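Here is a walk through one model, starting with its rings and cores and ending out in the loops. Have the structure open while you read.

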Amino acid sequence: MLDVVNRRPNITVALIAGYFLLCIGLRLAVSTSLEIDESEQAFVSQFLMLGYGSQPPFYNWLQYGLTSLFGPSLATMTVLKNGLLFLCCLFYGLAAREVLNDRRLTAIATVGVLTFPPIFLLAQRDLSHTVAALFAVSLFLYAFIRTMTRPSLFAYILTGAAVGIGVISKYNFALVPTAAILAILPEPRLRARIFDWRILVAIAVCTLIALPHGYWILENLGAASRNTLHEMGTAQQTSYLTKALKGVIALVAASLRGAAIPLVVFALVFRKDLAAIWRAESPWTRVIGRMLLLCLGAVLLIMLAVGATHMREKWLVLFLVLLPLYLALKVEASGVDTARSVRPFLLLVAFIVVTTLVVVSARAVVRPWFGKLSRLSIPYSTLVDTVVKQEGAEPAMVIASDKLLGGNVRTRLHGAKVFVAGNSSSPIEHLTGPLLVVWSDNGKLDSQPPEGLLDILKSLGVAEETMKPQQLALPYLNGNLPDRYGFGYFWIADPSR
């Protein structure tokens, strides 16, 4: 097989597709319970809104569409995530093909996308909006490069669509097209593409896609930015100089961590030619290199402006993902022989990503054997099955104490409307029965219903005598632990009485 890869590098696309099919199969096999982002998607996919809080809505809209067609399930969420990651690799490969003459290097650049931890590790645990943004970056990269090399009305339209999709996938995506425009300014031949009349069409397409959510942002600016600024550590009460120093260190450290694996893999495969590759240059190495530096420089300026002191690799992967293409362009510019490069590159990357996938997938099954539990071990499916069996019917409405619980319940009750206590974006207008009200205090047995949950029920007119708490102590999924996970619930047959 690997000899075929050397002769036909395009087969790498099929291998990448096989990898993501394996990701889907293993995720569906290991547990029916959801991670945090998965439960969030299961819950919000009930609602089609212009905005959902601190994250743009593109991924939510896609999830809403799939859920509307096939119902809420772990399968629809897993297929969407891995489908977008596959499309990310596919468009990245198409972009590489536009500027690389050596098809082996095209294959290497495409496979290189998988070497980033947010893709081969974090996405297989719990990511959503970053996945959509990675797809948008690759789509933009392909459209942008095609516009520069083979300008056409279609290429400009595709570029505008990619930018529109990107800005409603992740807000920091906006740095990528901005950096791309600045990066081509020193190149006279490419610079002329900016002043082509067809760029007006691209701007119009981008505006049409981004406008609905843009209107929502104007009305909800605080909700769109508050959580991100908090995670970046802007609220720390320290001097500006201290914050600035911490911000620079955080950015450098996150960049090094994020780029370490692709740099090491390229260095190992091309170790004999590193000096020649380092010195090599071409117009496209300059453009992609400038884009990468401009994006990271813009992140630094933003961090200094808002006093941010924290940076994560997953926030930078939208920019660092340019690195495999940049390195492949450097290799081609150096003129080194790549005849024997695909095989070791593919083997090394395959070892990294498949080993990580197996370890991540096995944790839900193996950890309970040693008394260690995760969210994938919590028996949400058993909870729903037990309640339905005890009450003899499925609920028409569910009110859950939090989104993790609400999202998990929804994937098991396709016909019920699920609400979460305290979630202002989806208020409860009226109650229908049978009504299931469910809560959990981190699995503690005999937990009492939260006060906030009781207040909501009272405000909706539910009589106190109908609120008869029941308790369930259910075995964890996988393993034979003697411990049980506790849930509490009300079953109200007719909440209007």
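## Rings and cores

Phe140, Phe144, Phe173 and Trp284 are joined into a cluster by ring pairs. Rings of Phe, Tyr and Trp (its six-membered ring) are paired here if their centres lie within 6.5 Å, and planes under 30 degrees apart count as stacked, over 60 as edge-to-face and the rest as tilted. A word on the source: this is a predicted model, in which local features need pLDDT of at least 70 and side-chain atom pairs count only at pLDDT 80 or more, while totals for chains, interfaces and linings use all residues. Residues are numbered from 1 along each chain as its sequence is written, and side-chain values use heavy atoms, with hydrogens and water left out.

The structure holds 14 aromatic pairs. One of them joins Tyr476 and Tyr485, edge-to-face, with 5.8 Å centre to centre and 80° between the planes. Both Tyr476 and Tyr485 are buried, where buried means under 20% relative accessible area, exposed over 50%, and partly exposed in between (1.4 Å probe, protein chains only).

Now for the nonpolar cores, meaning sets of buried Ala, Val, Leu, Ile, Met, Phe, Trp, Tyr and Cys residues joined through side-chain atoms within 4.5 Å. The largest has 102 residues, and Phe144, Trp284, Met291 and Leu325 touch the most other members. Helix α8 (residues 129-149) is the top contributor to this core, with 15 residues; helices here (H or I, at least four residues) and strands (E, at least two) are DSSP runs, numbered from the N terminus. Leaving out residues up to four places away in sequence, Met291 touches Leu141, Phe144, Val176, Ala179, Ala180, Ala183 and Leu322, with contact meaning heavy atoms within 4.5 Å. Another core lies apart from the largest one; it has 26 residues, among them Tyr52, Leu383, Ala400 and Tyr476.

## Helices against helices

Several of the residues that Met291 touches, including Val176, Ala179, Ala180 and Ala183, are among the buried residues of α10, together with Leu175, Pro177 and Ile184. Seven of the ten residues of α10 (residues 175-184) are buried, so this helix is largely enclosed by the rest of the structure. What do the buried residues of α10 pack against? Their partners are α8, α9 (153-167), α11 (188-191), α16 (283-306) and α17 (313-320).

Next, a helix pair. The axes of α2 (residues 11-30) and α19 (residues 342-366) come within 9 Å and cross at roughly 10°. Axes are lines fitted to C-alpha atoms, for helices over the stretch in contact, and angles run from 0 to 180 degrees between N-to-C directions. That makes α2 and α19 roughly parallel to each other (angles under 35 degrees count as roughly parallel, over 145 as roughly antiparallel, 65 to 115 as roughly perpendicular and the rest as oblique). On the α2 side the contact is made by Leu15, Tyr19, Leu22, Cys23, Leu26 and Val30, and on the α19 side by Leu346, Val353, Leu357, Ser361, Ala364 and Val365. By class, that comes to eleven nonpolar residues, one polar and no charged ones. Ala, Val, Leu, Ile, Met, Phe, Trp, Tyr, Cys and Pro count as nonpolar, Asp, Glu, Lys and Arg as charged, and the others, Gly among them, as polar.

## From the inside to the outside

A few single residues are worth clicking on.

| Residue | Location | Relative accessible area |
|---|---|---|
| Gln63 | helix α4 (residues 58-70) | 1%, buried |
| Gly407 | helix α21 (residues 403-410) | 0%, buried |
| Val306 | helix α16 | 33%, partly exposed |
| Gly422 | loop between β2 (417-420) and β3 | 72%, exposed |

Not counting residues up to four places away in sequence, Gln63 touches Gln41, Ser45, Thr76, Met77 and Leu80. With the same exclusion, Gly407 touches Leu34, Ser39, Ala42 and Phe43. Gly407 and Val44 are 363 residues apart in sequence, yet 8.2 Å apart in space, C-alpha to C-alpha. By the C-alpha atoms again, Gly422 and Ile157 are 42 Å apart in space and 265 residues apart in sequence.

Most residues other than glycine have a negative phi. Asn442 has a positive phi of about 55°, and Asp446 has a positive phi near 60°. Asn442 is found in the loop between β3 (435-439) and α22 (451-459), and Asp446 lies in the loop between β3 and α22 as well. Are these two buried or exposed? Asn442 is exposed at 68% relative accessible area, and Asp446 is exposed at 56%.
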